[in-house]
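Subject: Structure for your review

Dear colleague,

Please find below the structure that I am handing over to you. My findings follow it, and I would be grateful if you would read them with the structure open.

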Amino acid sequence: LTGDIHAITAANNLLAAAIDARMFHESTQSDVALFNRLCPVDKQGGRRFSDIMVRRLRKIGVAKEKFVDPELLTEEERRAFVRLDIDPETITWKRVLDTNDRFLRKITVGQGPQEKGKTRETGFDIAVASEIMAILALAGSLGDMRERLGKIVVANSRDGKPVTADDLGVGGALTVLMKDAINPTLMQTLEGTPVLVHAGPFANIAHGNSSIVADKVALKVVGEGGFVVTEAGFGADIGFEKFANIKTRYSGLEPNCVVLVATVRALKMHGGGPPVVAGRPLDHAYTSENVDLVRAGCCNLQRHIENIRKFNVPVVVAVNKFASDTDGELNAVLEEAIKYGASRAVICQHHGQGGAGAVDLANAVKETCEASKAAGQSFKFLYEDSLPIKDKIGAIAKEIYAAGNVEYSPEAEAALKRYEGMGFSNLPVCIAKTQYSFSTDAAAKGAPSGHTLLVREVRASVGAGFIIAICGDMMMIPGLPTRPAFYEIDIDPATGRIVGLS
């Protein structure tokens, strides 16, 4: 709401433009011409380095005393300074937009006659998948965001060195575009509870958590003894896992309790209920009592509870009640949740009753946090930073997804070798996969085990601080369905009122 998606799109695409522009200029100009344009002679006849150029000089090992005058550089130093020598085959940075457009997944750029045949294949991601969105959510301050943006690795040079946003000279400009977006939006519930809305990296394609800045502001507001509820997206297999293994690593803020949300309808689906299709009426199975179907689906709830407990954090199960849910079905979920290791399980009716409908949940969370603190429970990570990247992926695959093994495409293997060679093995892992199943098969409901996790592609989000493993057929930009929501959206010209938005 502070314009973060628009700012992210502008910053992301500025960086993409800088990559192609730099390759174009290096391919069409001599070292002397590049130097003269990067460090032009001013009105007094001198040259100077901008502050961001000094970062480049440090990286290539130029002596500090030469930072004051570009003329002091040797011919070899000038060449290293002006030529990033980007290998086009290693570029991982893509343009983004906030529209579902499947035909932009793979494109060719540079086809205009003025680009002199400098074409290359690339593509678009959805805006929320941009590394810059992840940086916004993981940065602890404006200064931290500046450093993270500058460290974004977009490609390799032909001699295998990482090329960063600061190498391109654009890190500072990216931060200027993002300077307002780092401020969370303060809102409130209908009952006056403060709510901070900030950042939106989806958990299926990114790390799926709201910002560290918002969490720290909230903790300061509530004070000692207060409670902050922070959201992790989709199921606990992706949202909470990434909260624990990525966000907590950078924030230093350990969770005291996890609220795991469940519904009778979702558990019926995981128990073998009919397919649920967006926009179509629910099958009768989901609105009529079937306790056996609910219990069958609780294998999914069990897996989530057991996964969370591996981080040594207590779980409170919140069962959101729908009008069609029966007492028998709701009690079945409560029983199964406690049996599988939840500290508490409560029925929630805040959708219909407001805050009064969540009092039992609030008390359960309060009591669980107090009990955990009294018992001296301490959070633990799933894996150590020092493990190789493959071992981290394997730990998530086997411990969280219950996969039997992990397979890698040749492209993923090559990327892993490249990133390990550049010293990125110490980064945590962010797995991009379907949110509909523990496996990479969206149709595999319940608690599948023994399946194969296929890692199709690997990217390094060095500025954000993690390695992305893209698995199965997960797309980084969605496509429009046959009947998109825009069929219902319009405007009343007389009043200016928008209709069709829910």
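Accessible areas here come from the Shrake-Rupley method with a 1.4 Å probe. On that basis the accessible surface of the protein chain amounts to about 24600 Å², and carbon and sulfur atoms hold 53% of this surface. Please bear in mind that the model is predicted.

Overall fold

The protein chain contains 16 helices and 17 strands. Its radius of gyration is 25 Å, close to the 23 Å expected from the globule rule for 502 residues, so the chain is as compact as a globular protein of that length. The C-alpha trace extends over about 85 × 55 × 55 Å along its principal axes. Of the 502 residues, 47% are buried. Among contacts with a separation of 6 or more, 69% link residues that are 24 or more positions apart. As for charge, there are 57 positive and 60 negative charges, and their mean positions lie 4 Å apart.

Aromatic pairs

A pair of aromatic rings is described by the distance of the centres and the angle of the planes. The count of such pairs in this model is seven. In one of them, Phe-240 and Phe-243, the ring centres are 6.2 Å apart and the planes meet at 20°; since planes under 30 degrees apart count as stacked, the pair is stacked. Both residues belong to helix α9 (residues 239–251), where a spacing of three residues separates them by about one helical turn. An α-helix has 3.6 residues a turn, so residues three or four places apart point the same way. Phe-240 and Phe-243 are both buried.

A further stacked pair consists of Phe-311 and Phe-379, with 6.2 Å from centre to centre and 15° between the planes. Phe-311 sits in the loop between α11 (291–309) and β10 (315–320), and Phe-379 in the loop between α14 (359–375) and α15 (389–399), so this pair ties together parts that are 68 residues apart in sequence. Phe-311 and Phe-379 are buried as well. Which residues make up the aromatic cluster? Phe-240, Phe-243, Phe-311 and Phe-379 join Phe-381 to form one aromatic cluster.

Packing of helix α6

Helix α6 (residues 142–150) has Met-145, Arg-146, Arg-148, Leu-149 and Gly-150 as buried residues. These buried residues pack against α3 (51–59), α5 (131–138), β6 (162–164), α7 (171–178) and α9. Helix α9 is also the place of Phe-240 and Phe-243.

Individual residues

His-6 is located in helix α1 (residues 4–28). With a relative accessibility of 67%, His-6 counts as exposed. His-6 and Lys-179 are 173 residues apart in sequence, while their C-alpha atoms are 12 Å apart in space.

Two residues other than glycine deserve a look for their backbone angles. Lys-116 has a positive phi, near 55°. Lys-116 lies in the loop between β2 (107–109) and β3 (120–122), and its relative accessible area of 56% makes it exposed. Ala-199 likewise has a positive phi, near 75°, and is found in the loop between β8 (194–197) and α8 (212–222).

With kind regards

Key. Residues numbered from 1 in each chain as written. Predicted model: local features only at pLDDT ≥ 70, side-chain atom pairs only at ≥ 80, totals over all residues. Heavy atoms only, no water. Helix = DSSP H or I, 4+ residues; strand = E, 2+ residues; numbered from the N terminus. Rg over C-alpha atoms; globule rule 2.2 N^0.38 Å. Buried < 20%, exposed > 50% of the residue type's maximum accessible area, 1.4 Å probe, protein only. Contact = heavy atoms within 4.5 Å. Lys, Arg positive; Asp, Glu negative; His and termini not counted. Charge placed at Lys NZ, Arg CZ, Asp CG, Glu CD. Phe/Tyr/Trp six-rings, centres within 6.5 Å; stacked < 30°, edge-to-face > 60°.
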